[in-house]
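The following exercises are to be worked through with the sequence and the model at hand. Each task is followed by a solution in steps.

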Amino acid sequence: MRRLWLTTLLLCSLSSTLLHAEESTLSQHPQWLSLLHFDRHTPFSPPRSAVIDDAFFLAENGRYDPHAELDATLAALREPPSATGTHASCQFPARAMWLSSKTGEQWPSADCPEFSEWQSTHHGAGLGLMFATGYLGNPASFFGHIMLHSASGQSIGASSDPQHLLDTSLNFGADVPSNDGMITYMAKGLFGGYNATFSNASFYRNATLYSEREMRDLWHYQLRLTDQEASLLTAHLFEIVGQDYEYLFLSQNCASRIARTLELVIDEDLTPGISPWVAPEDLLRTLSTAEHHGQPLLADTRHIPSRRLTTQRQFTALNERQQRAANAVWQEEDDLRLQAPEFTKLPAAQRSDVLDTLLSHASFLRQTGDTEQLPEIERQLLQARLRLPQGDTQANHPKPPAIHEVAPPALVNVSGVHNSHSHHALRMKFRPLQYDLLDTNRARMPNSAVEIANVEINADEQGVSLQRFDLFNITNLHTNAITLPTLPQTAWQISAGIHRNRLSCRRCFDGVANLLGGKSWSLGSHLPYALAGAQLRTQRHYEGVAVPMIKAGIISSWSSRQRTHLQLTHRRNLGYDDRQRTEWQLQHRVALSTEWDIRLELQRDQSATEASLGFSRYF
């Protein structure tokens with residue numbers, strides 16, 4: 001009998017030891033850490049969950065101790081249900097599913113009405129991502145925005161221009177008080193101070209905001225997941241909606257947070273673990289090359305054009321007579337002439353195409369400004385359109401490149417430099433986040449540029465010296481691509497950094513900030529512009545604090561791979577003297593691939609002429 005008791009105790013002790021060992025292993029399992037949103041360990045911070053909402057954890061120190069959270073979760077799952085919807089399997093269904101698959105345990109049956117409704121909404125949905133191209137109205141969206149997307153069965157495999165009316169999307173964004181100004185917003189976004197959440201909304205609502213109001217193209221990235229993976233991910237999305245997260249523009253943003261969420265079912269590091277910044281483009285590029293169960297993870301990409309691009313496509317699809325008719329009907333912003341001879345002489349079907357284009361343009365104007373006559377103009381256009389048959393224009397527009405198919409946003413350039421004053425040097429440029437006016441911008445905002453933390457360093461026989469440092473340099477030329485009347489839009493440029501005072505001086509630096517506004521024009525493949533404003537200086541070299549400035553230039557696109565930018569800058573010093581400075585700069589880019597290009601640059605000021613030629617690598 002004593003031997004039997006000893007054997008029983010030994011077996012119980014062994015079973016307990018094995019159970020604790022198994023639980024210890026499970027608590028460090030990558031999927032368990034993904035369920036808790038533990039970020040990868042770095043030398044600069046201890047491991048912890050990015051979720052800061054206490055309701056997300058069952059253990060008191062669960063945010064910092066995944067083993068304690070595992071023990072608390074198992075204990076809660078083993079408890080019998082006490083009330084409808086309160087059991088741990090209702091609050092954390094993904095944890096319950098995953099732990100059951102790993103331990104073999106079955107939890108007590110519980111009534112979970114909220115999760116059941118969530119499941120019925122997302123049953124059979126295709127999971128993926130929705131990418132909105134860059135938007136210069138919000139610093140957090142300069143390089144685009146990304147959302148999780150749940151496509152209904154009706155829209156899966158739909159046409160190339162689906163409506164996605166039944167789809168839903170989960171948007172990760174900061175909770176920003178309405179009274180926070182731009183400076184406060186940028187400071188808190190960069191250094192901390194905001195919380196962020198996943199919010200669940202219909203895709204139609206988000207598409208209206210991004211595509212119709214902010215004129216941003218959308219790209220749907222459909223992922224190839226198994227039914228079991230889709231079920232686990234869908235259950236986890238239910239767990240995280242409404243939870244509070246840490247938020248930072250560069251690192252704890254929509255791209256990094258969604259990447260960590262997807263890593264629950266994708267066994268791959270989707271973003272760099274130690275990178276100080278994560279851009280949405282980085283995640284999409286990784287997804288485009290990743291393999292999952294021996295197949296490409298990315299199943300399909302679909303383009304949803306913005307209202308701006310839709311109108312532009314419709315107008316360019318018209319023949320010359322129809323375009324002249326469209327301009328005759330709507331010559332000025334508040335004047336509609338439906339009896340114009342150029343329009344009334346067209347066949348009925350061609351008039352239909354013209355009116356469809358004008359109605360699309362009216363929708364564009366409704367989102368970009370406030371015109372008193374616009375509702376009446378839309379009413380007249382609709383009445384005229386209802387009297388006509390279906391149009392006959394059938395244009396097959398080529399699919400534009402997706403963001404993962406163009407040059408990555410980080411650049412390193414190495415150039416040889418000849419300066420007429422200081423002779424030869426080697427120059428290295430590094431831009432961690434950028435696209436400039438020499439880029440074709442085929443997948444980004446047209447005729448715009450964003451350069452963040454641009455550093456240029458020279459090395460010559462006298463040593464290493466700083467050439468320039470741009471904290472930021474943002475340009476939006478706001479060019480109208482069609483000849484229909486539009487609301488006035490200002491081209492603008494804003495920048496701040498440290499620049500050499502003149503080309504002939506190695507260590508003559510001034511802190512400068514530029515704020516310019518003006519106008520640009522589209523002339524075929526050429527884009528001239530003129531900007532005027534002010535430059536603020538640190539006055540280190542006694543040229544005055546406020547400097548009126550004028551910039552004029554032209555950007556020429558010779559082909560899909562070659563662009564030239566010629567720019568003339570004139571400023572007049574105030575304060576210490578009346579000296580004037582006029583400089584010109586010529587840049588030419590030849591794209592060799594999406595990762596490489598050659599750049600030629602010539603520039604001249606009152607002290608020297610400088611030429612450089614080098615290679616750029618994008619990554």
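**Exercise 1. An edge of the open sheet**

Which residue stands opposite Glu 246 in strand 6? Place the pair in its sheet, bearing in mind that the model is predicted.

Solution.

Step 1. The residue opposite Glu 246 of strand 6 is Asn 195.

Step 2. Strand 4 (residues 194-202) and strand 6 run antiparallel and are joined by 3 bridges.

Step 3. The sheet concerned is open and has 7 strands in the order 6-4-3-2-1-5-9, with antiparallel pairing. Its edge strands are strand 6 and strand 9 (298-304), each of which pairs on one side only. On average, and with direction ignored, neighbouring strands of this sheet are turned by 30° against each other.

Step 4. Helix 8 (residues 203-213) packs on the sheet, where the strands it touches include strand 1 (126-132), strand 3 (168-174) and strand 4. The direction of helix 8 makes about 115° with that of strand 4.

**Exercise 2. Salt bridges and their surroundings**

With which side chain does that of Glu 246 meet in a salt bridge? Determine how exposed each partner is, then treat two further pairs in like manner.

Solution.

Step 1. The structure as a whole contains 31 salt bridges. In one of them, Glu 246 meets Arg 48, with an N to O distance of 3.0 Å. This pair links distant parts of the chain, 198 residues apart: Glu 246 belongs to strand 6 (residues 245-247), whereas Arg 48 lies in the loop between helix 2 (30-35) and helix 3 (66-78).

Step 2. Buried means under 20% relative accessible area. Glu 246 has 19% and therefore counts as buried. Arg 48, with 31%, is partly exposed.

Step 3. Asp 335 and Arg 337 form a salt bridge of 2.9 Å, N to O. Asp 335 has a relative accessible area of 21%, so Asp 335 is partly exposed. Arg 337 also counts as partly exposed, at 40%.

Step 4. Arg 444 and Asp 439 meet in a salt bridge of 3.2 Å, N to O. Arg 444 and Asp 439 are both buried. Salt bridges with shared partners also join Arg 431, Asp 436, Glu 451, Arg 589, Asp 597 and Arg 599 into one network.

**Exercise 3. The two sides of helix 16**

Which residues of helix 16 are buried? Check the length of the helix, and explain how its buried residues are arranged.

Solution.

Step 1. Helix 16 (residues 374-386) has 13 residues, which at 1.5 Å a residue should span 18 Å. The end C-alpha atoms are 18 Å apart, in agreement with that expectation.

Step 2. The buried residues of helix 16 are Leu 374, Ile 377, Glu 378, Leu 381, Ala 384 and Arg 385. Because they cover an arc of only 130° around the axis, they lie on the same side of helix 16.

Step 3. The general rule is that an α-helix has 3.6 residues a turn, so residues three or four places apart point the same way.

Step 4. Pro 375 and Leu 386 are exposed residues on the face turned away from the buried side of helix 16. Helix 15 (348-368) is included in what covers the buried residues.

Step 5. Glu 378 has a relative accessible area of 15% and is therefore buried. Apart from neighbours within four places in sequence, Glu 378 is in contact with Leu 359, Ala 362, Ser 363 and Arg 366.

**Exercise 4. Strand 11 and its partners**

How many bridges join strand 10 to strand 11? Identify an opposite pair in each pairing of strand 11 treated here.

Solution.

Step 1. Strand 10 (residues 411-419) and strand 11 (residues 423-431) run antiparallel and are joined by 9 bridges. The hairpin between them passes through 3 residues. Ser 415 stands opposite Arg 427 of strand 11.

Step 2. Strand 11 also runs antiparallel to strand 13 (residues 448-460), to which 5 bridges join it. Lys 429 has Glu 456 of strand 13 as its bridge partner.

**Exercise 5. Two histidines with positive phi**

Where is His 293 placed? Compare the backbone and the exposure of His 293 with those of His 478.

Solution.

Step 1. Most residues other than glycine have a negative phi.

Step 2. His 293 lies in the loop between strand 7 (291-292) and strand 8 (295-296). The phi of His 293 is positive, near 55°, and with a relative accessible area of 57% His 293 is exposed.

Step 3. His 478 lies in the loop between strand 14 (463-476) and strand 15 (491-500). The phi of His 478 is also positive, about 45°, but His 478 is partly exposed, at 30%.

Methods: Residues numbered from 1 in each chain as written. Predicted model: local features only at pLDDT ≥ 70, side-chain atom pairs only at ≥ 80, totals over all residues. Heavy atoms only, no water. Helix = DSSP H or I, 4+ residues; strand = E, 2+ residues; numbered from the N terminus. Expected span 1.5 Å × (residues − 1). Buried < 20%, exposed > 50% of the residue type's maximum accessible area, 1.4 Å probe, protein only. Arc of directions from axis to C-beta. Contact = heavy atoms within 4.5 Å. Salt bridge = Lys/Arg side-chain N within 4 Å of Asp/Glu carboxyl O. Pairing = 2+ DSSP bridges. Axes fitted to C-alpha atoms, helices over the stretch in contact; angles between N-to-C directions.
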